[in-house]
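Visitor: I'm new to this one and would like some help reading it. Could we go through it feature by feature?

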Amino acid sequence: MTADVSLKSIHQMFGSFQALDDINLEFGAGEFVVLLGPSGCGKSTLLFILGGFLTPTSGEVLIGGANMLQVAPKDRPTTTMFQDYALFPHMSLRDNVAFGLRMRGQNKGQRNIRADEMLDLVGLLDKAHHKPHELSGGQRQRVALARALAVDPEVLLLDEPLGALDLKLRRQMQEELKAIQRKVGTTFVHVTHDQEEAMAIADRIVVMNHGKVEDAGPPEDVYLRPKTLFSANFMGDLNTIPAGLANKGSEADRIICARPENIGHKGEINLGNAVLESSSFFGTYHRCHFRISGKGGQEYVAHLPVDDLPKLGEEVQLFASNAVALEHSS
Amino acid sequence: MSIEQQEKRRALGFVAPALLWTCAFFLVPFAVMVLLSLAHLEGREIIQSYDLGNYLKIFTEPSLFKGIVVSLEITLIVTIISVLLAWPLAWIIATQVPEKYQRLAIMLAVLPFWTSYVVRSYSWALVLGQQGVLMQMLMGIGFLDEPIQIMATRGATVIGFVHFFVMLLTLTIYSNLIQLSPNYARAAADLGASGWNTFRLVILPLTLPGIMTGAFLTFVLCIGDYITPQILGGNNELTMPQLIMLQLGRRGDFPMASALSVILMLLVTLAYAATARWLKMERV
Amino acid sequence: MRMLGWAYMAAIFIFIFLPVVVLVLFSFQESRLPVPPFDGPTLKWYTQVIADRNLMEALRNSLFVALISAAIALLLGFFAAQGLSRVKLPGSVLMRGVLIAPMTVSYLIIALGLLTVFNNMGFRPSLWTTGIGHVVINLPLCFAILFAAMGDHQKNAERAARDLGASEIQIMFLVTAPMLKPALLAAYFLAVTFSWDEFIIAFLLTRFDVTLPVEIWSMLRSGLSPATNAIGSLVFLVSIAILIILEFTVFRKPKS
């Protein structure tokens, strides 16, 4: 099952602290949405409002067109996968996964068939009798996913589900998560602070900061054509280009930026002569620090192809391409 | 000698004094007591006979055997009532009281711990006596016409014990409850569980370690306590500790007192065996 | 539902505080019986117990036994925890079991065992024998608290100190003890409290010099008296005062 989600002018106050400030978002049915932002930006608060664990100070939540504000978590077509997984430690994996169906009054035989199906989906059917503490972190994460999906939610909410895993496992789980989402077709709303994770799995990224939406769109748009300076910085490294060099956006309050991979020997903006001060090897590219010749010259970070590296101290002419003009963050 | 061996020897040196102390003043006395329980008294003389005469006597003489029954009954009643009273209190403090006042609430809930144990039993004697506050109050509101006897009954002993152990259990259950992630209850509710099912299937099983730790402590302390039954329960029915003190005081019958102590010890061991799977003592 | 919760909490709190309130209130009773109606207030019972030489002697004895036995228990417990937490010794599970064992045994049994042994060896009951008994009951407590407090980061800090050239003694005083300060203080405080309030061991193992709980016990033989309320209230108030001081000084969590 799947449904669209619509958030209308959501505000959330905690005492005098404004956790969410006028959030308006629309998610399509079956979309994989990632809420991205630094800790404290309000992304988890927004997820809890969607799940029904928190009633917003004002605003509306619609799922599949139905107003959810007066609906308790258990009656919402959402399930949440918690950051600490909250697997019930005294129950076997099968009982954990079958819990939601048990609460819906399904008999043991039926719900165990469904639980085994779900465990099979996440590749843990052979461990159905085990207790959660016998599993590794990645396996627990899969059980939590199976448990949340077993009740066939229209929207699945994931609160930093990969945060506790080490980097390699995280990258692997991202792919699995995406594959499972494609298979079940449920709308996924996934919270993370890892922008690489966001780009790897999202159909749409929502960048948040200080309780506001900074940017929203497909990963390519958010990365290559960010709407704000904050969003641009959060998605990756950024070089600031002095306003005089480019003739983009004549307004004085705009900043011209370019990603390190868009700095190099060619491009439409001439940055001037620069000296290579240091470089490090990253497998597929060299990360180079250049400084414009002359007093107080500006620094640039460039990612150059591995076969195209100047010598240390060598002076080259630097160009920038695909630069974007950004407003200062509001 | 390798560095590991040196380390081990040094560590052993650190542990040795504590081990020696425990052996000399706990294990050895306990062994001596077990041996003594196999002796008997002739006149005022202790004769070692290595037989089970004392134990036989305990199980055949009604006045002694009744002590075991009375002690077990009181202890079980106290443990059950205390758990039933303490769990809701711990839960209310952990979930309903605002976080910044929780520490205060818990400190208040255990404040009477800081009265002396003897004085606490004495205070209940003041409250429960014929002329005490409780009777005066009940008669004042017209609930009773004349005072009823609570002091020197099992009821008084149970009230005194429950008072102490409600505080203790509130502490153990509360510290268990606040360690639980709030996400357990959220997850259960999210998956469709009603409040009652969330409690029955998730929260209660998760607090079993806290309940069992507290219940075991209650059992050990309650069944071995002399003060509360002596001050509040009087001499109508004697618990095992009262019987032990009676053997020591009246006749200096150390062998019989030892035999009763060994049985007390066995009961505690049984209680441990019954609750061990929930206790976290092996982690200590 | 919420109201019901508050009402329940209030009811239990009344039950918990009832005897304490009655104790303190009737310590100010004018007449000789601490039962209603209340006819005070007067401080005469307080003056009487403070002037009572036996009682004050017992109070000093209790303090003496508590401070010294707790210190010994803390020291032994600290060394044992230190030894058992740093290397895996053969039989360390058994050793931990032996050290913890006295916690699960009734004080009465510990007292009886010691009494038997001391009688056989011809030791007279005294404050010293009581102190030995109190170390037996407090050693497992101190050991358990300190052992639980010694984690991996503790071990790593000690390793770093050793690596930087500190001697074992220096490590203990400059690294281990300061890192464990809260646990050490908590353990000592609890041990002092337990010893201070312990009755049955002191009752069986003292004769002429008695501790406060034993002295109060003998006061009870002469029946109910506001004097008993007064000494009980005094002990309670002093304990609370110490507790509050500790709460606001050493156990205060640093504000984040």
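Visitor: Let's start with disulfides. How many are there over all chains?

Guide: A pair of cysteine sulfurs has to lie within 2.5 Å to count. This is a predicted model, and by that rule the count over all chains is zero.

Visitor: Which cysteine sulfur is nearest to that of Cys23(B), and how far away is it?

Guide: The nearest one belongs to Cys142(C), 18 Å away, so Cys23(B) is in no disulfide, given that the cut-off is 2.5 Å.

Visitor: Is Cys23(B) buried, partly exposed or exposed?

Guide: Cys23(B) is partly exposed, with a relative accessible area of 30%. Cys41(A), on the other hand, has a relative accessible area of 1% and is buried.

Visitor: On to the interface. How do I read the size of one?

Guide: The size is often given as the accessible area lost when the parts come together. Here, chain A and chain B bury about 1700 Å² between them, and 68% of that is on carbon and sulfur atoms.

Visitor: Which residues of chain A lose the most area to chain B?

Guide: Those are Lys74(A), His90(A) and Met103(A), which together make up 28% of what that side buries.

Visitor: How many residues of each chain are in contact?

Guide: There are 23 from chain A, in contact with 16 from chain B.

Visitor: And what about polar links across that interface?

Guide: Two kinds of pair are worth a look. The count of salt bridges between chain A and chain B is zero, while the rule finds six residue pairs in polar contact there, both residues at pLDDT 80 or more.

Visitor: Which elements of chain A supply at least two residues each to the side that touches chain B?

Guide: Strand S6 (78-81) and helix H2 (93-103) each do so. H2(A) gives the largest share of that side, four residues. By residue type, the side of chain A that touches chain B divides into 12 nonpolar, six polar and five charged.

Visitor: How many salt bridges does a search of the whole structure find?

Guide: It finds 25 over all chains. When you read one, look at the gap between the nitrogen and the oxygen, then at how exposed each partner is.

Visitor: Let's try that with Asp75(A). What does it pair with?

Guide: Asp75(A) forms a salt bridge with Lys74(A), and the closest N and O atoms are 4.0 Å apart. Asp75(A) counts as exposed because its relative accessibility is 52%, whereas Lys74(A) is partly exposed at 33%.

Visitor: Which parts of the chain does the salt bridge between Glu277(A) and Arg291(A) link?

Guide: Their side chains meet at 3.1 Å, N to O. Glu277(A) sits in strand S14 (residues 269-281) and Arg291(A) in strand S15 (residues 286-292), 14 residues apart, so the pair links distant parts of the chain. Glu277(A) is partly exposed with a relative accessible area of 41%, and Arg291(A) is partly exposed with 30%.

Visitor: What else does Arg291(A) pair with?

Guide: Glu299(A) forms a salt bridge with Arg291(A), with the closest N and O atoms 3.3 Å apart. Glu299(A) counts as partly exposed, at 42% relative accessibility.

Visitor: Which residues are linked in a network of salt bridges?

Guide: Take a look at Arg170(A), Arg171(A), Asp194(A) and Glu196(A), which are linked in such a network.

Terms used:
Residues are numbered from 1 along each chain as its sequence is written. Chains are lettered from A and ligands numbered from 1 in the order in which they are written. This is a predicted model: local features need pLDDT of at least 70, side-chain atom pairs count only at pLDDT 80 or more; totals for chains, interfaces and linings use all residues. Side-chain values use heavy atoms; hydrogens and water are left out. Contact means heavy atoms within 4.5 Å. Buried area is the accessible area (1.4 Å probe) that two parts lose on being put together, summed over both. A polar contact is a pair of N or O atoms within 3.5 Å; within protein, one must be able to donate a hydrogen and the other to accept it, and residues adjacent in sequence count only if both atoms are side-chain atoms. Ala, Val, Leu, Ile, Met, Phe, Trp, Tyr, Cys and Pro count as nonpolar, Asp, Glu, Lys and Arg as charged, and the others, Gly among them, as polar. Buried means under 20% relative accessible area, exposed over 50%, partly exposed in between (1.4 Å probe, protein chains only).
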